[in-house]
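Reader: I have a model open and want to learn how to read it. Where do we start?

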Amino acid sequence: MHISEQKKLLRQDIKKRIDDMKPEARRAEGRTLARVLLSKIPEGSTICAYFPLKSEVDIQLLLKELLERGDTVFLPVFAGPDKKMIYRKAENLLDLPPGEFTIPEPPEGAEELGKQKVDIVLVPGRAFDRNGNRLGRGSGGYDTWLQWYKTHHPNTPLWGTCLQCQLMNDVPIELHDVSMNSIITAQE
């Protein structure tokens with residue numbers, strides 16, 4: 001079976017796993033993960049994070065806590081005519097209008113990350129394995145940005161975050177897939 005077919009089937013399997021979870025269980029995992037991450041991220045950090053989709057582990061509590069304690073948080077934005085992923089600074093979670101894909105994003109005038117170095121990059125995915133391999137949604141937006149970022153800041157840790165049901169023994173990868181330094185769930 002071709003690797004693209006393997007990825008497609010794994011994405012379908014993960015979607016079913018997430019859809020089968022009770023909403024309360026998903027929220028509980030998100031809250032626990034937020035506490036775990038908050039304890040691992042030093043105060044005063046600059047972080048690239050993400051505003052979670054419904055099918056991703058909900059880290060909104062983490063984002064709120066980071067902003068309240070004074071950390072700097074950048075969130076992804078799909079900007080420009082080519083809808084390339086960049087990061088903009090989030091001042092609060094209330095001022096995030098829906099972007100191109102209806103995902104809340106910092107507004108157009110917000111400070112852009114550019115080539116600035118951050119302390120940690122939190123990365124969502126459809127699936128991860130314990131070797132740090134990540135399966136995205138298939139658009140390549142994150143992998144393109146992560147490859148560019150790692151070229152400029154090779155020592156910045158990339159932390160994959162997910163629900164426990166998204167952690168696999170093996171995730172199929174291709175040359176363009178960027179691996180994570182750590183995978184963090186509510187349990188491990």
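Author: Start with how elements are named. Helices and strands are DSSP runs, numbered from the N terminus. Trp145 has its place in helix H4. Keep in mind that this is a predicted model.

Reader: Is Trp145 buried or exposed?

Author: Buried means under 20% relative accessible area. Trp145 has a relative accessible area of 7%, so Trp145 is buried.

Reader: Which residues is Trp145 in contact with, leaving aside neighbours within four places in sequence?

Author: Contact means heavy atoms within 4.5 Å. With those neighbours left aside, Trp145 is in contact with Cys48, Met85, Tyr87, Leu113 and Val121. Gly44 is another matter to look at. Its C-alpha atom is separated from that of Trp145 by 24 Å, and the two residues are 101 apart along the chain.

Reader: Now a helix. What should the 18 residues of helix H1 span?

Author: Use 1.5 Å a residue. For H1, residues 3-20, that gives an expected 26 Å. The end C-alpha atoms of H1 are 26 Å apart, which agrees.

Reader: Which residues of H1 are buried?

Author: Lys7, Leu10, Arg11, Ile14 and Ile18. Seen down the axis of H1, these buried residues fall within an arc of 105°, so they line one face of the helix. The general idea is simple. An α-helix has 3.6 residues a turn, so residues three or four places apart point the same way.

Reader: What do the buried residues of H1 pack against?

Author: They pack against helix H2 (23-40) and three strands: S5 (127-129), S6 (134-135) and S8 (167-168).

Reader: Where is Asn133 found, and is Asn133 buried or exposed?

Author: Asn133 sits in the loop between S5 and S6. Its relative accessibility is 13%, so Asn133 counts as buried. Leaving aside neighbours within four places in sequence, Asn133 is in contact with Ala127, Phe128, Val171, Ile173 and Ser179.

Reader: Next, a strand. Where is Arg88, and is Arg88 buried or exposed?

Author: Arg88 has its place in strand S3, residues 84-90. At a relative accessible area of 8%, Arg88 is buried. Beyond its neighbours within four places in sequence, Arg88 has contacts that include Val73, Phe74, Glu108, Glu111 and Glu112.

Reader: And Thr102, buried or exposed?

Author: Thr102 is exposed, with a relative accessible area of 64%. Thr102 is found in the loop between S3 and strand S4 (120-123). The C-alpha atoms of Thr102 and Leu53 are separated by 9.6 Å, with the two positions 49 residues apart along the chain.

Reader: Now the pockets. What volume has the largest pocket?

Author: Rolling a probe the size of a water molecule over the atoms shows where empty space is left. The largest pocket has a volume of about 530 Å³. Of its 29 lining residues, the closest to the centre are Phe78, Arg134, Arg137, Ser139 and Tyr142.

Reader: Which elements each supply at least two residues of that lining?

Author: H1, strand S2 (72-79), S6 and helix H4 (141-152). By class, the lining of the largest pocket has twelve nonpolar, seven polar and ten charged residues.

Reader: What about the second largest pocket?

Author: About 220 Å³ of space lies there. Its lining includes Pro23, Arg26, Arg27, Leu53 and Asp58. H2 gives the most to this lining, with three residues. By class, the second largest pocket is lined by three nonpolar, one polar and five charged residues.

How values were computed
Residues are numbered from 1 along each chain as its sequence is written. This is a predicted model: local features need pLDDT of at least 70, side-chain atom pairs count only at pLDDT 80 or more; totals for chains, interfaces and linings use all residues. Side-chain values use heavy atoms; hydrogens and water are left out. Helices (H or I, at least four residues) and strands (E, at least two) are DSSP runs, numbered from the N terminus. The expected span of a helix is 1.5 Å times one less than its number of residues. Buried means under 20% relative accessible area, exposed over 50%, partly exposed in between (1.4 Å probe, protein chains only). The arc is that of the directions from the helix axis to the C-beta atoms. On a 1 Å grid over the protein atoms alone, a cavity is a set of points where a 1.4 Å probe fits but cannot get out, and a pocket is an open set with protein on both sides within 12 Å along at least five of seven lines; lining residues have an atom within 4 Å of a point. Grid points are joined across faces, edges and corners, and a volume is the space filled by probe spheres set on the points. Ala, Val, Leu, Ile, Met, Phe, Trp, Tyr, Cys and Pro count as nonpolar, Asp, Glu, Lys and Arg as charged, and the others, Gly among them, as polar.
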